[in-house]
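Q: Could we go through this structure together? I should like to begin with how the chains meet.

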Amino acid sequence: MTTIERPAYKVIGSRPVRPDGVEKVTGKAQYAADPRPQGVVFGKILRSPHAHARIVSIDTSEAERHPGVLGIVTAADFPQAEDKVQDLGEGAVNLRELSDNILASEKVLYRGHAIAAVAAASPHEAEAAAQKIRVEYEVLTPVTNVLDAMREDAPLLNETRHTKMMGGQHSERPSNIAAYNQFKAGDADAGLAESDLVVEREFTTSMVHQGYIEPQSSTASWNADGTITIWTSTQGAFVVRAQVAEVLRIPVARIKVIPMEIGGGFGGKIPIYLDPVAALLSKKSGRPVKLSMNRTEVFEGTGPTSGTVISVKAGAKDGKLHAVQATLRYEAGAYPGSPVGAGAMTMLAPYDLEHVEIHTFDVVVNKPKTSAYRAPGSPAAAFAMESVVDELARTLKIDPLQFRLNSASKEGTKQVTGVPFARIGNEEVLNTAMTHPHYTAPIEGPYRGRGVASGYWFNGGMQSSVVVAVNPDGTVNLVEGSTDIGGTRASLAMQLAETLSIPYDAIRPIVADTDSIGHNDVTGGSRTTVASGMAVYQAGQDVIREMSSRAARLWSVTPEDVSYEDGVFHCLKDSTKELTFKELAAQGARTGGPIAGRASLVARGAGGAFGTHIVDVEVDPGTGKTTILRYTAVQDVGTAIHPSYVEGQIQGGVVQGIGWALNEEFVYDENGRMLNSSFLDYRMPTALDVPLIDAVIVEVPNPGHPYGVRGVGEVPIVPPLAAIANAVADATGHRFTQLPLSPRRLIEELDGGD
Amino acid sequence: MSKHHVITRINGEQVEFLTDPGTSLLSALRDQLGLTGSKEGCNNGNCGACNVVLNGELVNSCCVLAVEINGAELTTIEGVADGDNLHPLQQSFINDAALQCGICTPGFIVAAKALLEREPDADEARIRHWLAGNLCRCTGYDKIVQAVLDAAPEMRAAARA
C-alpha cells in the first residue's frame, strides 16, 4: 500500500467483519425472489420473438380463459406517458421511452422486448397462459450493428427521430443517430502534422452484459387503501419509486419500495423493468404478484452495455502524447442514451496534451436498451486509446509506463471538458506500477507477453440522507437509504465509528425502505462510500453537537464549554467533570429526550481516480487460448476505508474486464436473434480462468471528502481490455483491434497474418 | 395432474410434501419448503447458486426433480451451520471478505464443503477446478479461493478429532 499524507485513523483502514455477513453465509438473507407475502401469485411476461416489428394487434381473450389466470396487462393499461425528458436518478429518462421499454405499445425494437404480462396461481399456469396471447406483427428489417445503423439507407427504429446536434439543433433527415457531439481543444490537425509519429487504428467491441448472478425479480402488492408495496432487486429504491410513480401516474408518497438484498447490479439494476407491471397485475388480480426473470430474459430483455466502433489517430512528439483525433460510435440499443459521452470524457484523462478533437455518435439499434455497466463508456474508449498509446511507445522504443508518465495528467491539467483536475493520483499510480516487482520481473518464453494500460473514472456524488439514533445503552442505529451491493453497510458504519470515536461493533447499520428515510440516489457511480459517507460524517457531527449541548445542560455550562475527544465529553470549565459517550447516551431522557443526528446533502467534491494494470499472458497458437499468467492492478482509492473490500472491488472489476477482453459478447444472427443467451454460452470467467489478482492500493486522499475517500468500484474495469490486448500484441507480434480476443479470432488473425 | 408424495430427510429432519412431477428440487425447496437459501441464477445448471448435497453428491438442485429426492438425504445451505455455530467455511468467508453481494455464497459454501470433506488437502489449483461450476461476478474469485484454503486446516483438525 502506498499512502500519501494521511491522518492516523482508529477504525478507518481496519478490516472488521461486515454486519450482513452471517445472514448471507447461512442462506437467511432475503433477496428479491425470496419473500412470499400471503396470497402471492405469479406473473409471466410475454416477449417479442422479433428484433424489429410493428404491433398490429394483441388478442388476450384466449389467455384470459386459461385456468388459473387472474389478470393480464398490456401497454394499453399504462396511462399515456408524456414525451418528455426527466431526471429520475442517474441521468435523464424520456418517460414515453421508459414506459415503452417496460411494455411495448406500437413497435417492438428488440428480441425479448416485453409486450404483455399474465398473473396466475402458479408460474406454470402463467407461462402457459402467456403463450395463448395472440400478437399480430408486421415484421420489419432489423439493424443490429452500429455502423449499419448509421447508414443513410438503414431501416429506422423511429421514423420521427432526428439527430440531436450540438447546440440543440436537429438534423433534417430522420436518423438512427440519436445524438452527435464533439469535444475540441487546440488544433488536432496541426498537432498531428507536427508529431514525430502518428498511429491510426479502428477498434471494435461487442455488446456485453453486467452478468449479475441474481436475475431481476419484483413482488408488488396493490393494497386496499390504494398504496403500493414493492419488494425488489434494485440499486436505488428511490429511483424505482420515482419511475413507478411516473409510469403509473401515482403520487410518490403512495408507493413504498422495500429494497431487498441485491444479488449484483454493476449498473444493470438502475432501470426498472418489472415493478410497474407487477403492481398493475396486483391491482387486477387483487393479490400480491411476483414477477421474476429467467436468465434468458435477463440477457435479452435487460440493459447491457454498448457495442462500439472507435477510430483513433494519435501523434507523439518529444516522447509524449501530443495530439489525438477520435470518433466514438456507441450502440444505445433500442432507445437513445449510450454512455458515449463518458467514453469521450475519460479516454484522455490520464494525459496532459494540447490538441484534442473527439466526435461522438449515440446510435439506436435493434438490441436491448443499454444501461449503465461499471464505469459506463470508459472501458471501450480506453481499449482504443490505450492500445494506440502502447503502439506509439513501443514503436518509439520508450517504456510504455514511462511514456505515460512523460504525458501524465496532474492537478490543474485541463480535461477535454475544459475543467481542470483537482488533486489526482495518476502519477503516484504510474510510479507505483513502474517499481512493482511484477513490472521489474522479466517475462520470457515463446508466445508470452506483458501489457499495461491506464484507466479513469469520475466517481459520483449526488444525494444522500442518513439518520443516526443514539440508544440509551450507547449503541447506535445508522439508518441509511443506499442499497448495499458490496459492503457499504460496513464502510458507512466504519466512517460513523471514526466520527463518533466509538467501537464499530456499537453501530448497527440498516438500509431502510422508502417510507423510512429521506431520498437517496442510486448506489452507482462509485458514490455510496463517498457521498453517503459524507452524510454519515455530517450526521455524526450533528450527534456530537447535540450530545455536547446535553452535557452542557448537565454541567450547567454552555455547549462551547464542552469538548469531545476519544469517546469522552470533557467540561472545559471543570476538569473533574467528564462523561463517556455511553454514559451520556444513558442521560437522553433527563436532558431533553432521544438523541439523534441527521444529514441530507448533495455531495460535491467526489474525487476522480486512476488505475494502471500490468498483465502477463501466454497465447497458445494452436488453440487460440489466452491464459492470464499474472495480474497486478494498481489504483488510487483516496482512502481505503475497509481495505479487504477495496481489494475485492478491484479484483472483481479486473475479472469482469478479463471476461470482456477474452470471451464475452452478445452473438446475433442476421434476424437480430441473440444466439448465446445462457451462462453456458455467454462465457463469463470462472475460478479456473483467472489467477490471484494482486490489488495494490495507492492512497492520495481526496481533498473534497472528510476522510479523503474516492470511489473505488468502477476504475478497475477500465484498463483490463487494453492491458490484455497489449500483452497479446507483445506475445504474438500482432495488434488485435477487435474484442473479444476469443480463441477463434486469435487463430484466424494469426493464421491470416502468416 | 396428480401430485406425488415425497418423504425425505433435509438437514437431518424428516420432511414430507406433495409435488407436481415437473417441479424442480430448487423450486420445491424455495416455493414449498421455505428454504430460500438455495438461489436461482440460471435454472439450467450453469451457475451453481443452487448447489445442494444429495446422498453425498454435489448437485445443482435446479437440475434435479423434486420427486427424485423421495427417500434421500439432502443437505442445503440452511444445514451447514451447527445451530448457532458457523461452519469453518462460513466463518472464513466472513473473515476473508469472500462475499460482496452474497447471492452466489450459499452455492460456493455448499460446493467447497463437499470438496474439503472428500479432499481435505485440496490445493489452490484443485479448488479452482472444483469451483469452476460456481459463478461469482463480484469478487474475481480471489478471496473465495483464499477463504476455502483458510478453512481447510480447521476442517482437517475437526475430522481428526
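A: Certainly. The model is a predicted one. In it, 51 residues of chain A are in contact with 41 residues of chain B.

Q: How much area do chain A and chain B bury between them?
A: About 4000 Å² is buried between chain A and chain B, and 58% of it lies on carbon and sulfur atoms.

Q: Which residues of chain A lose the most area to chain B?
A: Those are Val25(A), Ile213(A) and Ala687(A). Together they account for 18% of what the chain A side buries.

Q: And the charged pairs: how many salt bridges are found across the interface of chain A and chain B?
A: The rule finds five. In a salt bridge between the two chains, the side chain of Lys39(B) meets that of Asp34(A), at 2.5 Å from N to O.

Q: What is the count of residue pairs in polar contact between chain A and chain B?
A: It is 27 residue pairs, with both residues at pLDDT 80 or more.

Q: Which elements of chain A give two or more residues to the side that touches chain B?
A: They are helix H1 (21-25) and H19 of chain A. H19(A) gives the most, with nine residues.

Q: How do the residues on that side of chain A divide?
A: The side of chain A that touches chain B has 25 nonpolar, 18 polar and eight charged residues.

Q: Turning to chain B alone, what does its domain assignment give?
A: The assignment gives domain 1 (4-79) and domain 2 (88-160). Their contact takes 14 residues from domain 1 of chain B and 13 residues from domain 2 of chain B. The centres of these two domains, taken over C-alpha atoms, are 21 Å apart.

Q: What do the two domains bury between them?
A: Domain 1 and domain 2 of chain B bury about 1000 Å², of which 62% is on carbon and sulfur atoms. The rule finds zero salt bridges across their interface, while five residue pairs are in polar contact, both residues at pLDDT 80 or more.

Q: Which strands of chain B supply at least two residues each to the domain 1 side?
A: Strand S3 (51-54) and strand S4 (57-60) of chain B do so. The largest share of that side, three residues, comes from S3(B). The domain 1 side that touches domain 2 comprises six nonpolar, six polar and two charged residues.

Q: A last topic: how many aromatic pairs does the structure hold?
A: Over all chains there are 17. One stacked pair is formed by Tyr373(A) and Trp660(A), 5.5 Å centre to centre with 15° between the planes.

Q: Where in the chain do Tyr373(A) and Trp660(A) sit?
A: Tyr373(A) is in the loop between strand S20 (355-364) and helix H11 (378-395) of chain A, and Trp660(A) is in helix H19 (residues 643-662) of chain A. The pair links distant parts of the chain, 287 residues apart.

Key:
Residues are numbered from 1 along each chain as its sequence is written. Chains are lettered from A and ligands numbered from 1 in the order in which they are written. This is a predicted model: local features need pLDDT of at least 70, side-chain atom pairs count only at pLDDT 80 or more; totals for chains, interfaces and linings use all residues. Side-chain values use heavy atoms; hydrogens and water are left out. Domain bounds come from an automatic or database domain assignment. Contact means heavy atoms within 4.5 Å. Buried area is the accessible area (1.4 Å probe) that two parts lose on being put together, summed over both. A salt bridge is a side-chain nitrogen of Lys or Arg within 4 Å of a carboxyl oxygen of Asp or Glu. A polar contact is a pair of N or O atoms within 3.5 Å; within protein, one must be able to donate a hydrogen and the other to accept it, and residues adjacent in sequence count only if both atoms are side-chain atoms. Helices (H or I, at least four residues) and strands (E, at least two) are DSSP runs, numbered from the N terminus. Ala, Val, Leu, Ile, Met, Phe, Trp, Tyr, Cys and Pro count as nonpolar, Asp, Glu, Lys and Arg as charged, and the others, Gly among them, as polar. Rings of Phe, Tyr and Trp (its six-membered ring) pair if their centres lie within 6.5 Å; planes under 30 degrees apart count as stacked, over 60 as edge-to-face and the rest as tilted.
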